[in-house]
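This report examines how selected parts of a protein chain are arranged. Please keep the sequence and the structure in view while reading.

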Amino acid sequence: MPISVLLIEDDREHARALVDALVDPWLGWKAHVAPSLVQAQLWLRDHTPDIVLVCQHFSDGSAYDVLEHMGRVPAMIIVDAGADAQAAHAMRHGFADFAIRDPGCNYLLALPAQIEAVLEHSSSQRARRAAEAMLARQHRLLQAISRAQAVFIASSTPRAAFDALLHELMELTGSRFGLLGQVQRHQDGRPLLRLHSMADVDWDEAARERYMGGAQEGIVLDDLDSPPGQAMATEQPVIQNNNPAAAAEQGAGLPPGHPPIVSYMGLPILASGELVAVVGLANRPGGYSATDVQFLQPLLSTIGQLELARRAELARRQVEEQLARTSELLADKTRALQSTLASVSQGITKVDGEGRIRVYNQRYLELLNLPEELLAREPRVEEVVRFQTERGDFGTGFQLIESKARDYVGAEYAAHGGKLTMPDSYVRRTVAGRFIEVRTRPLEDGGRVRTFTDVTDYLGALEALRESEARWRSLTQLSSDWYWEQDAEFRFVRLEGSPQNKMDLPDNQLYGLTRWELPNTFADDGQWRAHREQLAQRQVFRNFEIQRMSAAGEPIWVSISGEPIFNAEGEFTGYRGLARDITERKRAEAEIQRLAFYDELTKLPNRRLLLDRLERVATACEREGQHGALLFLDLDNFKGINDTMGHEWGDRLLVQVGDRLRASVRATDTVARLGGDEFVVVLAGLSSEETGAAVESEAVAQKVLQALNEPYDMDGSELHSTPSIGIALFRNREQPVNELLKRADLAMYQAKAQGRNTLCFFDPAMQAAATARSALEGDIRQGIQRNEFLLHYQPVVNATGQTMGAEALVRWQHPQRGMVPPGQFIPLAEQTGLILPLGQRVLHLACEQLARWNRDSATAAWTVAGNVSAQEFRHTEFVPQVLQALYTTGADPGRLKLELTESLLLTDVEESIVKMQVLRNLGVGFSLDDFGTGYSSLAYLKRLPLDQLKIDQSFVRDVLTDPNDAAIACTIVALAHSLGLDVVAEGVETEGQHDFLLRNGCQQFQGYLFGRPGPAEALQPG
């Protein structure tokens, strides 16, 4: 038998002699010589010899130092002759045998046999120890099985049983960590492990809390790639020993503080072929083997059977509990059914498939006057029918039964009712004259449920209602009115009297519609609002008039009256009422109105209606504090047209003049013909300022002049005519209406005196102002065409006085007027619409200057701010115009700021946000100018995509002397900061104002303190 020998000897000659004596190629013995203890230790790390021979002494130790490194390998000591006591001492300390080295080394002859004897003795000792250990483990295993059975019997929860079982398994295997849980299934069949027991959970506080939190129901583990998951997925044991990669992979998912998993054994627990649990054991010194799996199998099988039995017992208890709950619920429902049957007003019977009456209530006995003892014995239906027939309950020949059910009831009497079709319901009359409704509902088992209801009062009411309906229908059909009803949602549900002939609308098109949903039906918005308010308040309404167009295009007028309907509980259920065709009356009224108040030729209001409306407008102006205007028109040279072309052409000209006048004014204004070629226009709702009213009325007059100067088409021929217009303003009833007509007439004649085809105000001073304004308007138009408008720039600085940019301010260099301030031409430009081309010019100039500054490194970071008027911003092409200016000039959008006013943004907020957002996405900034002077809604302010607020100079001016202005300025700064906006103070003129604003959080300033507006060349970086 091959034997491996480790020889520890530092005497080379002796060592060679030992090797020669032991190594025999025929026997396969091998010897390795280690001259020192260190070298022996190094060799033992990678090799395990069968026996070790140690000399008593060597250079770095003694023979006794070798024993602690040997483990279970036997060792012999070689002592010198005469050292028998040393040999005995060595045997007591663990050496298996000894050899005495004689001077001639004769002991070597017997040494191989001595070694074989030592090895044989060592082998028998190991076998004995292994057998004893196996017996001990088997005994412990049997004890563990016994304790497992006791635990399962005694434990009410899985956790208590599994904790005890895991402890036994860890003790049996010497494992330092373990887990044990039940295997359950997801709805899709995938297994999951519900951990009920886990050893060594004191890694850290978080791990302990997680385990204790899930201890009641068990922590769920369903990762099939984990070691426990692999055992679930494969239903096979999983063993991993001394695998650093596996240990790292397992450790990656462990809680903080958990010791690394060096060795692991996962064991599936099956019972009757079903996976019921998984146990995981880890970190046993020396690892795990298939022998451990085989050893534990009896215990695992016992655990599986016990778990399966525990689950069966749990399922049995749940079934018993569910059965108890179901029984109690059935008893409750039975009691409720009995109580319900006893309290209902109907008689009820339940007949089974054999025709026997199994269930009935007291009301059934009362309605049919049947004895209790008859029903108590659960008779067949035909027995009860026979009893009633013989008593005469159905009359002779079943005449008291409704005709459709006589045959069936008769068949029941003859005991073969199943051969005929059972009626769902029928009515029978009792001998006492009461009416009973019988309803039958078949059941799936062949039985049926019958109800018996006393409908005497109901049938009487039905008959009375039928007679009433017949009388009502006759009344409505013979009347010129018609009746209608609506539900609670005001939809038509009933019509009587056929409105189709009166409204030209089929009845079926009215049902389901509200009055305001009817096709081609009209009333003004105020009438609809008032009517719907009456309906909402459930009020009675009378003579509500609506108009609709017939299929032929003819107007039809209808007058409607109605009242609300309430049920017995006082709940609103709809409306009902009458409607009447009043078309003929309306036509007569319209004709009377036309003849009395309108000119026959032009269909315009005549003098009578004009005076009435003029009176109303004057009253309204006085009430509202506004101005009105009277425009008196006379056609120039109309008499010549009549004389040369004839009165027919003159009349046609007057008609066209009237049409053009109507098209030139608002619908709320009045156009009237006084007679001949004289027309009057009444304008209402003009400015409260006299100058503003004059401007507005002049604009209308100019529009009229332009319209009436267009050629008139007379059957292919063109006719030209011009008007002369006189204008008189008014704002109250101080002057009689006839006096106003005189003033306008005088102004009209003044216009004729000035050369005709012009307009003239009654007040000479206002006429002069209008003339000056007209001249200024003409100059503005020419100034735009001649590029007379230029920009001056006022610097905007930061807290240190460094220029950050400038605000562009438009100036007008007029060739005769000189430098015209903005206050003189901006309002007029806005009133005349010239602000649009002027604004485009200003925007283009500002972008050009911005591009020049961007190209200079010293001013590349400067921004340019420009004001935008309301007309510009609301114009449909505003955004494309801004983009075009940026594109053509090459200016940086991120350096351009557009200043808007508060009032501008309050109209159509949603459209404003959209426009601002489009430009802001490209980098264009927005500043809210003159903040605090208008009406600002904080709800809107937070939604607007703004970048900056500008404190109006009216608050800055007195910020040091007026506490209110100071508070307002500070509030604006705080508001801007809360909204994430920059804030600029305008009109800063003193160091005191600057210091106050700076202390209170304002970081940007603009005003004379830092520079007056001037040409771009005057601005210097700094």
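The following paragraphs treat two sheets, one pair of helices and one alanine in a predicted model.

**The sheet of strands 14 to 18**

An open sheet is built from 5 strands in the order 15-14-18-17-16, with antiparallel pairing. Its edges are strand 15 (357–360) and strand 16 (425–429); each has a single partner strand, so one side of each is left without a neighbour in the sheet. From one strand to the next, the twist averages 20 degrees. Within this sheet, strand 17 and strand 18 run antiparallel, and glutamate 437 has threonine 453 of strand 18 as its bridge partner.

**The sheet of strands 19 to 24**

A further open sheet holds 6 strands, ordered 20-19-24-23-22-21, and its pairing is antiparallel. Here the edges are taken by strand 20 (492–496) and strand 21 (521–522), each with a single partner strand, so one side of each has no neighbour in the sheet. Strand 22 and strand 23 run antiparallel, and phenylalanine 544 finds its bridge partner in isoleucine 560 of strand 23.

The table lists one joined pair of strands from each sheet.

| Strand | Partner strand | Bridges |
|---|---|---|
| Strand 17 (residues 435–442) | Strand 18 (residues 448–454) | 7 bridges |
| Strand 22 (residues 541–549) | Strand 23 (residues 555–566) | 7 bridges |

Which helices accompany the sheet of strands 19 to 24? Helix 17 (residues 525–536) lies across strand 21, strand 22 and strand 24 (572–581), and runs at about 135 degrees to strand 22. Helix 18 (residues 583–597) also packs on the sheet, where it touches strand 22, strand 23 and strand 24; its direction makes about 125 degrees with that of strand 23.

**Helix 28 and helix 30**

The axes of helix 28 (residues 878–889) and helix 30 (residues 909–921) come within 10 Å and cross at roughly 20 degrees. Because angles under 35 degrees count as roughly parallel, helix 28 is roughly parallel to helix 30. Their crossing is right-handed. Helix 28 contributes Phe878, Val879, Val882 and Leu883 to the contact, while helix 30 contributes Lys915, Val918 and Leu919. By class, this contact has 6 nonpolar residues, no polar residues and 1 charged residue.

**Alanine 63**

Alanine 63 is placed in the loop between strand 5 (61–62) and helix 3 (64–67). Is alanine 63 buried or exposed? Its relative accessibility is 1%, so alanine 63 counts as buried. Leaving aside neighbours within four places in sequence, alanine 63 is in contact with Val54, Cys55, Gln56, Phe58, Ile77 and Phe95. Alanine 75 is 12 residues apart from alanine 63 along the chain, and their C-alpha atoms are separated by 9.7 Å.

Methods
Residues numbered from 1 in each chain as written. Predicted model: local features only at pLDDT ≥ 70, side-chain atom pairs only at ≥ 80, totals over all residues. Heavy atoms only, no water. Axes fitted to C-alpha atoms, helices over the stretch in contact; angles between N-to-C directions. Helix = DSSP H or I, 4+ residues; strand = E, 2+ residues; numbered from the N terminus. Parallel < 35°, antiparallel > 145°, perpendicular 65-115°, else oblique. Left-handed = near helix turned anticlockwise from the far one by under 90°. Contact = heavy atoms within 4.5 Å. Nonpolar A, V, L, I, M, F, W, Y, C, P; charged D, E, K, R; others polar. Pairing = 2+ DSSP bridges. Buried < 20%, exposed > 50% of the residue type's maximum accessible area, 1.4 Å probe, protein only.
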